[in-house]
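Let's take a walk through this structure together. Have a look at the picture below, and then we'll go from the whole chain down to single side chains.

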Amino acid sequence: MIPVISVLAYLIFAPVLGGLLDGADRIISARMQGRVGPPLLQPFYDLSKLFSKQMIAVNNVQLLLNLSYLVFLAVSGAILFGGADVLMCLFVLSTADMFLILAASSDSSPFAVMGANREMIQMMTYEPLTLLIAVGFYLSTGSFVVKEIIHSSISPVVMMPGMLLGFWVITAIKLRKSPFDLSTSHHAHQEMVKGLTTEMSGPTLAVMNIAEYYEKILLLGIVALFIINKHWWSWILAVAVCLIFYFLEILWDNVSARVKWKTMLMGCWIVTLLAGGINLLILMLIK
């Protein structure tokens, strides 16, 4: 029953926790910039306002594609928190991203299409390391299955420190934070307005926001997978590491300016080669 309870807990509470993290993100970012910031529950106020608006979509498939993005993220998280195959979890996560790209590409807005094109470039940036991380878990623990990984005698991060560092870099891309907020922007005055979400409004935009809350918890769940082992105290340590991990993402977001796509692509591939590739090579030599 534990996997079933874990899956249900993820499906029910992930949007709540993701929204709280988003609210904390806004407050911390505001304090770093010398502002007070919005209340902690502001993301939920925003969702309520979006759902209260009239349903307006640029075409008949945009909402369907956004819902598909949400569903695949929920399925990906359910696979992870249900203790199933981490490789399958990452494959489903990549599929979810494709539905978001299709949703942005489904209308004729040049800004949305530009955001979709940049999102595809971002996928090219982080997918190689994502695959290496899955292989790293297998070489470190002898299994792709999450429920076996978390019962290892030592935490996988002991064998995979470079991959955790690389995952911190690509998480900034997946969360669309500076310096990698190329496909969309927190500020509508930039050259592509809002990129991916330019033509999304009302309930359609609310669905995407909820999907992003699922993704936040999913990514932090993968971080926790690096830390958890058969000892009970590793769960407490994993929560602490996840909070520090997310705080560092916020800090990086606020102290850096956006880079060009070529800089992002080359820089992250170098990180993948050095942090992920060398770590993987060492694992293969040890095993």
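**A walk through the chain**

Let's begin on the outside: the protein chain exposes about 13300 Å², and carbon and sulfur atoms supply 74% of that area. Keep in mind that what you're looking at is a predicted model. Turning inward, 50% of the 287 residues count as buried.

What is the chain built from? Its secondary structure comes to 10 helices and 0 strands, so reading from the N terminus you simply get α-α-α-α-α-α-α-α-α-α. The radius of gyration is 19 Å, close to the 19 Å that the globule rule gives for 287 residues, so the chain is as compact as a globular protein of that length. Along the principal axes, the C-alpha atoms fill a box of roughly 55 × 45 × 40 Å. The chain also brings far-off stretches into touch: take the contacts between residues at least 6 apart in sequence, and 77% of them join residues at least 24 apart.

Now for the inside. The largest nonpolar core has 77 residues, and those with the most contacts inside it are Leu 73, Ile 133, Phe 167, Phe 180, Tyr 214, Leu 225 and Phe 226. Helix α8 gives the largest share of this core, 18 residues. For a feel of the packing, pick Ile 133: leaving aside residues up to four places away in sequence, Ile 133 touches Met 160, Met 163, Phe 167 and Phe 226.

One helix is worth a longer stop. Helix α7 covers residues 161-174, and its 14 residues reach 20 Å from the first C-alpha to the last, close to the 20 Å expected at 1.5 Å a residue. Is α7 mostly covered or mostly open? Mostly covered, with 11 of its 14 residues buried. Among the buried ones are Met 163, Leu 164, Phe 167, Val 169 and Ile 170. The cover over the buried residues of α7 includes α4 (86-105), α5 (110-141), α8 (202-227), α9 (233-255) and α10 (261-286).

Lys 174 also sits in helix α7. Why does Lys 174 count as buried? Its relative accessibility is 6%, and buried means under 20%, so Lys 174 falls on the buried side. Not counting residues up to four places away in sequence, Lys 174 touches Leu 93, Asp 97, Tyr 126, Glu 215 and Leu 219. Just after α7, Arg 176 takes a positive phi of about 55°.

Last, the aromatic rings. The structure holds 9 aromatic pairs. In one of them, the rings of Tyr 10 and Tyr 214 have their centres 5.4 Å apart and their planes at 55°, so this pair is tilted. The two come from distant parts of the chain, with Tyr 10 in helix α1 (residues 2-32) and Tyr 214 in helix α8, 204 residues apart. Tyr 10 and Tyr 214 are both buried. Another aromatic pair, Trp 168 and Trp 252, is stacked, with 4.7 Å centre to centre and 20° between the planes. This pair links distant parts of the chain too: Trp 168 belongs to helix α7 and Trp 252 to helix α9, 84 residues apart. Finally, Phe 137, Phe 167, Phe 226 and Phe 245 form one aromatic cluster. You've already met two of these, since Phe 167 and Phe 226 are among the core residues with the most contacts.

Conventions
Residues are numbered from 1 along each chain as its sequence is written. This is a predicted model: local features need pLDDT of at least 70, side-chain atom pairs count only at pLDDT 80 or more; totals for chains, interfaces and linings use all residues. Side-chain values use heavy atoms; hydrogens and water are left out. Helices (H or I, at least four residues) and strands (E, at least two) are DSSP runs, numbered from the N terminus. The expected span of a helix is 1.5 Å times one less than its number of residues. Buried means under 20% relative accessible area, exposed over 50%, partly exposed in between (1.4 Å probe, protein chains only). Contact means heavy atoms within 4.5 Å. A nonpolar core is a set of buried Ala, Val, Leu, Ile, Met, Phe, Trp, Tyr and Cys residues joined through side-chain atoms within 4.5 Å. The radius of gyration is taken over C-alpha atoms; the globule rule is 2.2 Å times the number of residues to the power 0.38. Accessible areas come from the Shrake-Rupley method with a 1.4 Å probe; for residues, only the protein chains shown count as cover. Rings of Phe, Tyr and Trp (its six-membered ring) pair if their centres lie within 6.5 Å; planes under 30 degrees apart count as stacked, over 60 as edge-to-face and the rest as tilted.
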